[in-house]
Every structure is written in structure tokens, then in C-alpha cells.
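Trainee: I have a structure open on my screen and would like to talk it through. Could you help me read it?

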Amino acid sequence: MERLPLEGLRVLDLSQVYAGPLAARTLADLGAEVIRVESAVRSTRGGPRPQPGAVYPQGDPGRRPFNRSAYYNEVNRNKLAVGLDLSKEAGRDIFKKLVAVSDALIENFSPRVMANFGLDYPVLEGINPRLVMVSISAYGQTGPYRGYVSFGRGIEAMTGLSDVTAYEDSGPIGPGIAYADAVAGLHAAFAVLAALRERRRTGRGRYIDLSLRESLAAMMGEWLVSLSPKRMGGCFRRVERPPRAGNRDATGLFQGCYRCRGEDDWIAVAIQSEAEWEAFCRAIGDPPWVREERFADLLSRLRNRAELDRLIEGWTIRHTSEEAMRILQGVGVRAGAVRSVGELFSDRHLRARGFFEKITHPEAGTHDYPGLPWKLGLTPGCIRAPAPCFAEHNAYVFGELLGIPQDRIAALEAEGVIVRTPIR
Amino acid sequence: MESYPLSDVRVIELGEYVSAPYAAKLLADLGASVIKVENPRGGDEARRAGPFIDGIPHPEKSALFLHLNTNKKGITLDFRTETGWALLAQLISRADILVGNLGPGALDYLKLRAGNPRLITVSISCFGEEGPYAAYRGADIVAQALGGVMKLTGFPDREPLKIAGPQGEYLAGLNAALVAMAALHFRDESGHGQHIEISSMECMASILEGALTGFAYDGSQRRRDGPRHPTAYPSTILPSKDGFVHVDASGDWETFARFMGIPEPERFKPEELRERADEIDALLIPRLAERSREEWFHEAQAWRLPFAMVLSVDELPPDPQFQARGFFTEIAHPVAGPLLQAGAPFQVKGARRPAGRAPLLGEHNEEVYRGMLGYTAQELSQLRGMGVI
């Protein structure tokens, strides 16, 4: 069998929606055994009725839509799943047995939920002092907003990212994906691995308090550090907000996104050095305007950017984004076609690198899924298993791993402690 | 000596701009000892990129550099010279992780690993080391374009937008740090180091929020639609009395409508909410104009509705939540003056390394070349004279 970097580690995934599941998936992709502990009600995969906005194979939710959601199946591959009701004491007892044999726990309930269950870190640490636990929340486990809720998009607003992800002349927009969730999930996976490294030396676990807002702010630090002089004298002075710069937010280079010949067809171009500007001019056939004084250097080009954008688009509009990319990259100009989701599937680079993997899910069928975004030379890894069906691994986890006798499992099922199908 | 989670991890960074420096910063801020190698001809290009502390370009005042290089030691080294390469090999012989983003072909990782099979090398680039675009030239906007995120961002009738800031770079650095930690775990278990490559285009394409699998399942193409959520509604940004507010029903239209005072909410069936967004916005806008964004934020939260204020970056430092959690710290810098330093992406209870400022160009040459590698002052000045350091 092929070796994987995190083989031998066991992670419990109590999380919902995107950030937490992505954190756990990252560890699963790297070889950890990840067990999703799911409840019969309000599971992120939905209940017996189709979820509004969810995407199902061929548009058909099927008899068990909770096993067929595209979103769920993308962020939960390589994991196992059990059905367990933590609101019942017997359910919590079983959970504690799982904690005793696990290395890490990822949860993203609102703060206080785990404490209300009697499953907060001080309790779990008593059961397993080697446990690394990460609590992912919108604003953190402390402070005046600790009880406040948010999805990624709200956090992008509260961090200033929506304000600047906007056109020069528009209101705030924000990323078209739940970027804050993704960033939080990846930071959480990193935090778990760092704490596990420390455990090697100390023999003890750690508790990690990860706020979506702080993990996103860490990736916007240059703007925050640049506010430094405004902090002088012990008080913050209100300063003008950073301008909305559209696609031109990078300093020291001229960049933009230009319309191409196809429908909703665009190319992004970044020109960094004078040599790249010269190459760009040659690539577009050296029209007379490229020699004009107003475009002579970077500062002039930035000053006259509206005019220059219009002239550049006069060239790009005659080509598809694919042609324009080949022409420009052919002479060393940084350019990339703006890919749609569908175009990503046929992108020759991603295909050649094996980015997509064909996987059969027992209830959703056979599809191409986006794979692992890293290439590890010695331990490459792959999608080893599709996302689990609800409660698919009850027998392995409760029977084999915890050694609960068959008749006891049946009794726990009758009591609704161990569950086999979601209720709603 | 204080002990932090990664105190016994030794890292060499051959990084420029954002991605590799962010990966090494994540490790350094948790206690790893990171030596950042900069070229002697001006150093890391982030030193020349803004924003700058007082708006005037200066290599020690780039906020980008100051943010990305906390808690590192900085040395200068031209490893393209024979002597420089030998010095690099000496540094690497005692390292656990080497992270670089100097472009495909800039560094012979195989040769570097030859002397230290336990070494983990991480190479970050826009496209990776193999494949049809491997020789293409990358940029943050190029990774965001080819990675699929731009097509989903912005207004449908205007050009696609990148996420503000070098997010393709940050994201690749974050992925690099976590995979390096996984490889370190494997190394500690098996004794084997390995080489890892990270492409920012692929990192971006990996976080499209289920959109790729959605397309694979039923051919549906998600499209950009300004601040509106692609499937759930209401989830958008609208003006309030004094600024913008993110309104969000969190899938509970009934509670949302009651909170916002929308009459006869049953006119809108749950499955129609998204397609009737214009109508809903028209009902919300006059109502939202009655109160400030701060009032809406707190009042909605009392109803467990995930509203948010659209803040601008300069409003973050005084924010009561950031203040209460001590997210920002102030540190001294000999050239740039007192700095407001953004905090860690997560809090490890009991393991906070105090923010140490970014190094000046070549600041730790003496400490590293003399203290660690044992060169004499005379040898050091020779190396300086040869332009090696």
C-alpha cells in the first residue's frame, strides 16, 4: 500500500458547512483517518428533503439527497462518517470513547455549544491529554462578539476585504466564493499539524481558538501594518479608507482584465518590468501608440491607465482569451485566461497534471472531482474514497474501533443514540 | 529559552514577495527558527512593493515586507556563485525545511537534497514544475484568473474581479506551510524527507466552494453576481443609513422577514428567493436606510441572524473584538518606527510568541555566518567584497 504522510493519525470532525470540513478534509487528503460525527438533525448534508440551492447529480436529489449533494461530497471526501446524537448522554459517552483514541478534534459550533454538551477542552483533555482540539468560530471564543454568528461572506465584510474587492466606481462586492471559510479551514489544518509536532516533544495536546476573522486578517496584514503611523499618540485617528482599485490593487506593476472575442471571455495581464512592456508591445504588433510619451514608463502608464486599458482591449477583443494567452505568454508576458468553472475541467494544464480524479460515489455516481492541490514527491496521495454516506461507517467505528458489542449497538440504535438516517 | 510549538524546527527560506515568505512566517510565528536568505542586490522584491509606512518607498518601510517576515533572521547570499552555493549547502545541512518561490529552475532542489535526505523542500510557483504552462510566467492576478475565482467575482455585466490583495500568493503560502508540516510528520516517523511542489493556480481552483463538483454533477455553471450569494438569499451587501451592511437570512427567511418587518413574507416561496433577489432588495433598501450599519449588525445578531458591517481596513485596529482579543500589537522597528503588527491567524492557548519584527537587509549576517557557521570576521569581509553576501 502506498504510504501517506499522516497515516496513523485519527481526527474527529464535528464541523459543519465549509471551514471545518475543509480543515478535516485537508488532513484526510494527507492520510489521516478522519471520522465525521454527524447528528440526525440539522446536518450540513441536509435531511430527507432536498436542500434549496443544493446541486445534485443530473439535478435529481434521489431518495437520499443527503448523500448526493455536490457541495458536501466535495468537502468530505477521504473521510468516514458515523451518526451519533450528542444531545443524549449515552451519545456523549460514546463520543468521549472516540476522543480517547483520537489525535485531533475539529469543531465549529458557536462558542459555548461544546461546553453546554460538557465536551469542552478541559473535559476532553482530562480524557486524552494528547488531544489537539481546534474550535473554529466567526469571531473567536472570547471578546464581546464571541456569541456572534457569521458565514464567510459576513467575515469578508467585517475584515475589510469586501470593501476593497470592488470596482473603482462601485460599492463593496467581495469575493464570489466563501474565501474566509477556505482560509480559516486551511489555517486550522496547519494549526493542528503544528500542535501535533509540538506533542512529539511535550507529549501534550493543545487547544486552538481559531476565528475566521483573524485568519483572514492575517492575509491582509500589509494594509493593517501600513496604518502604523495613524496609531501614534496612543489613539487611532480616523484616516481615509484605502481606495477601491478593482484589478489594479498591486503596486509596482500594471495589470488589468480585458475583454476577449468570445462570450464573457476575458484575459488577465500583468506587466511588471520595462522588458515585459517591450515584449507586450511587440506581441500586439507594435501599434504606433505604444511609443507615445504618455505610456513611456510605469508611472505614466498608471496615470493614463483608462486610455491604455481601452487600447489594450482593442487588441484583446480580436482574440479569444486562449489565443491571447498563448501569444502573450509566448513572449514572456504574464497573462492568464479567466477560466469559468466549466473551462477548468478542460484546462490542458490541470488535465496534464492530473488535477481532476474520477471517483465513483455509491449513491451519486461517477464524476471528475478536483483533487489534491499539492504534489508530494514521496507520498503523493489521491482521492482514496468518495465522501461517506450518512452513518456509513457506524459498524467500523462503533463495533471495530470502540469494541461496542453488536447487541449494545442495536439497543443504542433503538434509543436513537446511534443513528442510521437523518430525520431532518 | 522560551518554548513554542515549533521551537525545534529549523527553516531556510529562499523567498520573494508573498507566497514563500508567508509560509515561513507561519512557521516562524509559532517558534520555528527561520533564516531568510535574500539576494545581496536589494533583497526581497517585497521591500520594493507597497504599501509603504509613510507612503514613500523605502526598503525597510514596506508594510508588505514588515508583515510577512516577522520573527525571522535575515541574511544576504548570492547562491548562484560557487562560494555562495557552498554556504547555502552548509546552512541547509542543518535545516528541516527549505521553502522557496524563486521560479521554476531557479534552484536545483535535487542537488540541495543530496546532502540532507531528511530535508523537506517546498517549491511554490504559479503553475508548478511540470505541465503545459510550466514555462509560463505567473502573477497573482494570473493565478486568480486561471484558478477560476475571478470569473465568479464581480458584476455579471462587467469585467471579472480579482480578490483584493495578493490572495493567490497568500493561499499558496498557506498550503505550503501545512503540507510542509505534514511532510515533517512523515519525516519524523520514517526518516525520509521529500520534495513538494505547490501551484497557486491549483490552490485557487481547489477552494471554489463546491462549484467544480456542482458542474460535474449537473453541468450548472455558477456565475458572478456582485455581492449576492450564488444560491442562498438574502445574502448580499446593501446600503444602510451610514454605510454598507451585509444582510443574511442564514436560510431562515421567516425569521429574517420578521426581523426586517417585511409584510406577507409567504409571498416568497423558499425556492424562489434567489431568483426574486431584485424584488427583495427593493423591500430591504428603504428599511435599511432607517438605521446605521452598527445598529443593524448588533440587532440582527440578537436574533441570531449573521449580519455584518462592511468595514474598511482602517476601521479594524480600534474594533472592540480585535481589541479584546489583543489581535494587534505594537512593536518597535529601528527604521520604520513603531509598528502596528497584525496578529496570528489563530490563538494557541498558552503558546503565543511575542511578535518579533522583520529583519533589516542582511541584519543577521554576523550572527549566522560567524556564530552558526564559524567564519571569521576577515572571511566575512572577503565574502562581502566578493559580493557573495
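Mentor: Let us start with a term: two residues are in contact when heavy atoms of theirs lie within 4.5 Å. Please keep in mind as we go that this is a predicted model.

Trainee: Fine, so what share of the contacts in chain B with a separation of 6 or more comes from residues 24 or more positions apart?

Mentor: Within that set of contacts in chain B, residues 24 or more positions apart account for 65%.

Trainee: And how many helices and strands does chain B have?

Mentor: Chain B has 14 helices and 12 strands, and its C-alpha trace spans about 85 × 45 × 40 Å along the principal axes. Of the 389 residues in chain B, 63% are buried, while the area that the chain exposes comes to about 13,700 Å², with carbon and sulfur atoms supplying 51% of it.

Trainee: What about charges, how far apart are the mean positions of the positive and negative ones in chain B?

Mentor: They are 3 Å apart, taken over 40 positive and 51 negative charges.

Trainee: Which domains is chain B divided into?

Mentor: Domain 1 of chain B takes in 10-206 + 324-385, and domain 2 takes in 235-239 + 244-309; the centres of these two domains, taken over C-alpha atoms, are separated by 43 Å. For chain A, the assignment gives domain 1 as 10-217 + 380-414 and domain 2 as 254-344, and there the centres are separated by 43 Å.

Trainee: Switching to sheets, what is the strand order in the open sheet of 7 strands?

Mentor: The order is β3(A)-β2(A)-β1(A)-β4(A)-β5(A)-β6(A)-β12(B), with mixed pairing. Its edge strands, each pairing on one side only, are β3 (79-83) of chain A and β12 (347-348) of chain B.

Trainee: Could we zoom in on one pair, say how many bridges join β4 to β5 in chain A?

Mentor: Strand β4 (residues 104-107) of chain A and strand β5 (residues 132-137) of chain A run parallel and are joined by 4 bridges, and A:Ile106 has A:Val134 in β5(A) as its bridge partner. As background, strands of a sheet pair through backbone hydrogen bonds, either parallel or antiparallel.

Trainee: Over in chain B, why is β3 described as largely enclosed by the rest of the structure?

Mentor: Strand β3 (residues 72-76) of chain B is described that way because 4 of its 5 residues are buried. Strand β2 (residues 33-38) of chain B runs parallel to β3(B) and is joined to it by 5 bridges, with B:Thr76 in β3(B) serving as the bridge partner of B:Glu38.

Trainee: Back to chain A, is A:Val75 buried or exposed?

Mentor: A:Val75 counts as buried because its relative accessibility is 2%, and buried means under 20%. This residue is found in helix α2 (residues 70-75) of chain A. Apart from neighbours within four places in sequence, A:Val75 is in contact with A:Val17, A:Tyr18, A:Pro21 and A:Arg25.

Trainee: And where is A:Val75 relative to A:Asp286?

Mentor: The two are 211 residues apart in sequence and 48 Å apart in space, C-alpha to C-alpha.

Trainee: Last topic, which residues of α11 in chain A are buried?

Mentor: In helix α11 (residues 274-283) of chain A the buried residues are A:Glu276, A:Trp277, A:Ala279, A:Phe280, A:Cys281 and A:Ala283. The elements of chain A that they pack against are β8 (266-271), α12 (298-303), α13 (305-316), α14 (321-330) and β9 (334-337). Just after α11(A) comes A:Gly285, which takes a positive phi of about 90°.

Key:
Residues numbered from 1 in each chain as written. Chains lettered and ligands numbered in written order. Predicted model: local features only at pLDDT ≥ 70, side-chain atom pairs only at ≥ 80, totals over all residues. Heavy atoms only, no water. Domains from an automatic or database assignment. Pairing = 2+ DSSP bridges. Helix = DSSP H or I, 4+ residues; strand = E, 2+ residues; numbered from the N terminus. Buried < 20%, exposed > 50% of the residue type's maximum accessible area, 1.4 Å probe, protein only. Areas by Shrake-Rupley, 256 points an atom, 1.4 Å probe, with all protein chains shown as cover. Lys, Arg positive; Asp, Glu negative; His and termini not counted. Charge placed at Lys NZ, Arg CZ, Asp CG, Glu CD.
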